[in-house]
Structures are given as structure tokens and as C-alpha cells.
Amino acid sequence: MPISKAEVIWFNGEFVPWDEAKVHVLSHVLHYGSSVFEGIRAYKTERGPAVLGLMPHIERLFFSAKVIRMEIPYSKQEIAEAIKATIRRNRHEACYIRPLVFRGYDSLGVFPLNCPVETVIATWEWGAYLGAGALEQGVDVGVSSWRRMAPDTSMAMAKIGGQYVNSQLVVMEARARGLAEGIVLDIYGYVSEGSGENIFVVYDGVIYTPPLSASILGGITRRIVLQLAEDLGYPVREQNIPREMLYAADEVFFTGTAAEITPIRTIDGLPVGAGGRGPITKQLQDEFFAIIEGRKPDRHGWLTPVYE
Ligand code: PPE
């Protein structure tokens with residue numbers, strides 16, 4: 001999806017005009033994928049923009065940095081304040097937020113620890129991730145021929161730049177097949193996630209999602225949806241999902257900051273349930289959007305207003 005430019009990008013503690021936020025071509029990150037990042041959204045509410053899951057996203061950013069031994073030169077509170085300041089400065093009513101921490105320019109060679117750590121926060125206005133109409137009609141997807149990284153190959157729970165080559169392979173294959181997205185299995189053959197989304201399966205009145213051990217990113221939206229499902233009285237289970245459960249399911253949907261709650265209407269050309277957005281998916285979407293757009297009380301404290 002094209003980026004729509006905002007005015008400034010927060011770069012190592014300063015606001016830099018959008019077009020001037022640049023790096024050297026020999027920055028370590030360009031060669032070896034040495035970055036960690038987040039994707040966060042701020043929603044338009046009556047009280048102005050409000051960031052969804054601000055602290056959980058920042059916690060995950062610091063966790064991702066920790067496991068690749070990268071020291072972020074700011075505190076969590078400073079990053080939170082910088083995010084809010086960038087939204088205010090760019091005068092967004094709603095936006096996507098991309099904090100990115102990477103190894104910059106100093107020396108090359110795989111060993112990263114001599115390179116400076118650079119910190120960026122960009123914001124821009126971003127619509128539906130999997131195409132217009134996706135949230136209502138659902139998307140067509142297929143099981144990927146690629147697998148998620150093995151648990152002893154890399155760290156799926158961390159949001160590390162280099163790991164997104166795996167995601168790129170998945171989504172490029174899907175688009176080449178005329179599909180919106182791929183569903184990736186883990187190395188044991190269980191359902192893992194999409195290239196940039198977690199996945200949920202509704203089967204016989206129970207809501208299933210793969211456990212953290214299935215090479216998934218521990219999604220913030222995944223946690224939100226698990227909570228909403230519980231609030232609505234559905235039994236929820238984090239457990240391994242065999243591929244055939246995708247075909248047996250009554251409903252399947254993706255969750256993610258970018259994808260929000262996106263129904264899946266076909267998998268490998270087979271209709272999911274009745275082949276459109278299912279009733280439980282719709283109910284979860286309605287509850288989700290009512291809370292994040294401020295039409296229902298934020299009973300779990302998920303929103304951080306930008307102007308308070
Ligand atoms: N799995 C992966 C691999 C993933 O990248 C994301 C987010 C999720 C699950 C859902 O996590 P969460 O956003 O915390 O609910 N993907 C982000 C990046 C997408 C992109 O194209 O870039 C996102 O949704 O912002």
C-alpha cells in the first residue's frame with residue numbers, strides 16, 4: 001500500500017522533514033536486517049486521536065531489541081511521549097505508527113555491536129491493509145508452501161526486520177496466485193499465522209488460535225480479540241490447529257494492527273463456512289470498533305489519548 005507522506009518523522013530525538021529522514025547505504029540494517037520495529041494504530045475518537053495498545057507495543061519493541069542485544073537509547077516512557085508528540089506534530093486524526101530501531105553506519109561485517117543504534121518514529125494515514133472491502137467481504141487466501149522459521153532458527157515472537165524476508169516470500173507467493181494473503185504453517189505442520197497477521201478459527205462454537213509455541217508473533221490485536229471473545233462469552237483456546245481445521249471451520253479471520261479483524265472467505269479455493277464474513281467475526285469486529293472509536297467505554301484501558 002502506498003505511504004501518504006506526513007510532515008515530519010521523529011529521528012533520534014528530533015523532528016526531521018519527511019523527505020530528509022535518510023540513512024547511509026552502508027548502514028548495517030540494509031545489509032543484514034538488523035532492526036526491530038512496531039506497527040501501531042491511532043484511532044479517531046471524540047476526544048481526538050487515541051493510540052491502541054501503546055504500552056504493549058512499546059514493551060514488545062523493547063523485548064525484540066533485547067533478544068538481538070540492541071540497546072534502545074531511550075526509555076519506554078520517552079518512546080511513548082515521542083509517539084504522541086509525532087502524532088500531534090503531524091496533526092493526524094487517525095494514523096498508522098511505525099517505530100523502528102536499527103543498526104546504522106559504522107562498520108560492516110555481520111557482527112553488529114559496533115554500529116550505532118538509531119531510533120525512528122514515522123506516522124502516516126493508512127486504510128484497510130488487505131484491500132478495500134476486506135473488512136466486510138473477507139479475503140481469499142491459501143496455505144503457503146513456505147513455513148515459519150523453526151523455533152531454533154530465529155525468534156518469531158520478536159518483531160525483527162530480517163525475519164520479514166520470510167513474510168515477503170509468503171505474501172509474494174500469495175499475490176502471484178491471485179490471493180490476498182498466505183496462511184503459513186509452522187515446521188511441525190500446524191497453522192501458525194499470516195505474513196503479517198495472527199489467525200483465528202471458529203469451530204463448533206469455540207474460538208481457537210495458535211499458541212505462542214507455533215512460531216507466531218504474539219500479536220497485540222490477538223490478545224485484544226481473545227479478551228473480547230471471552231467478554232462475549234465464547235470459549236477460547238490457544239492450541240495447535242491442524243491444517244484441516246481451516247477447511248472444517250465455520251469462520252476464520254486474521255487479526256493485526258494493520259489488518260484489524262479481517263474475515264477470510266476462501267482458503268485454497270474452498271469456501272470458509274458459508275463463504276463470507278461469519279456472525280462471530282462480525283460480532284467481534286463490532287465490539288472492537290465500538291471500543292476503539294470511543295462509542296463504547298474503553299473498559300480494558302486499551303486506548304491512550306494523544307492530547308491528554
Ligand atoms: N504476525 C506477524 C508476522 C505480524 O507482522 C503482525 C503485525 C501480527 C502477527 C499481528 O500483530 P499485532 O499487530 O500486534 O496485532 N504486522 C504489522 C506489520 C504489517 C506490515 O505490513 O508491516 C502490523 O499489523 O502493523
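Which residue has a backbone N or O atom that lies 2.7 Å from an oxygen atom of the ligand? Before I answer, please keep in mind that what we are looking at is a predicted model.

The residue is Ile220, and the atom in question belongs to its backbone. Thr221 also takes part, but through its side chain, where an N or O atom is 2.5 Å from an oxygen atom of the ligand. Arg60 adds another such pair, with a polar side-chain atom that lies 2.8 Å from a ligand oxygen. As for how well the ligand is covered, it exposes 550 Å² when taken alone, and the protein buries 93% of that area.

Let me now turn to the surroundings of the ligand. There are 21 residues around it, and those that come nearest are Tyr96, Tyr129, Tyr164, Thr221 and Thr257. If you look for the elements that give two or more residues to this shell, you will find helix H2 (54-67), strand S6 (95-103), helix H6 (220-231) and strand S14 (251-256). By residue type, the shell divides into six nonpolar, 10 polar and five charged residues.

Finally, I would like to move to the surface, where a nonpolar patch of about 760 Å² is made by Val23, Val25, Leu26, Leu30, Tyr32, Tyr105, Leu108 and Val110. One of these residues, Tyr32, is found in helix H1, which covers residues 28-32. Is Tyr32 buried, partly exposed or exposed? Tyr32 counts as partly exposed, because its relative accessibility is 36%, and that class lies between the limits of 20% and 50%.

Conventions: Residues are numbered from 1 along each chain as its sequence is written. This is a predicted model: local features need pLDDT of at least 70, side-chain atom pairs count only at pLDDT 80 or more; totals for chains, interfaces and linings use all residues. Side-chain values use heavy atoms; hydrogens and water are left out. Patches are made of residues with over 30% relative accessible area and no salt bridge: like charges are joined within 9 Å, nonpolar side chains (Val, Leu, Ile, Met, Phe, Trp, Tyr) within 5 Å. Accessible areas come from the Shrake-Rupley method with a 1.4 Å probe; for residues, only the protein chains shown count as cover. A salt bridge is a side-chain nitrogen of Lys or Arg within 4 Å of a carboxyl oxygen of Asp or Glu. Helices (H or I, at least four residues) and strands (E, at least two) are DSSP runs, numbered from the N terminus. Buried means under 20% relative accessible area, exposed over 50%, partly exposed in between (1.4 Å probe, protein chains only). A residue is near a molecule or strand if one of its heavy atoms lies within 4 Å of it. A polar contact is a pair of N or O atoms within 3.5 Å; within protein, one must be able to donate a hydrogen and the other to accept it, and residues adjacent in sequence count only if both atoms are side-chain atoms. Ala, Val, Leu, Ile, Met, Phe, Trp, Tyr, Cys and Pro count as nonpolar, Asp, Glu, Lys and Arg as charged, and the others, Gly among them, as polar.
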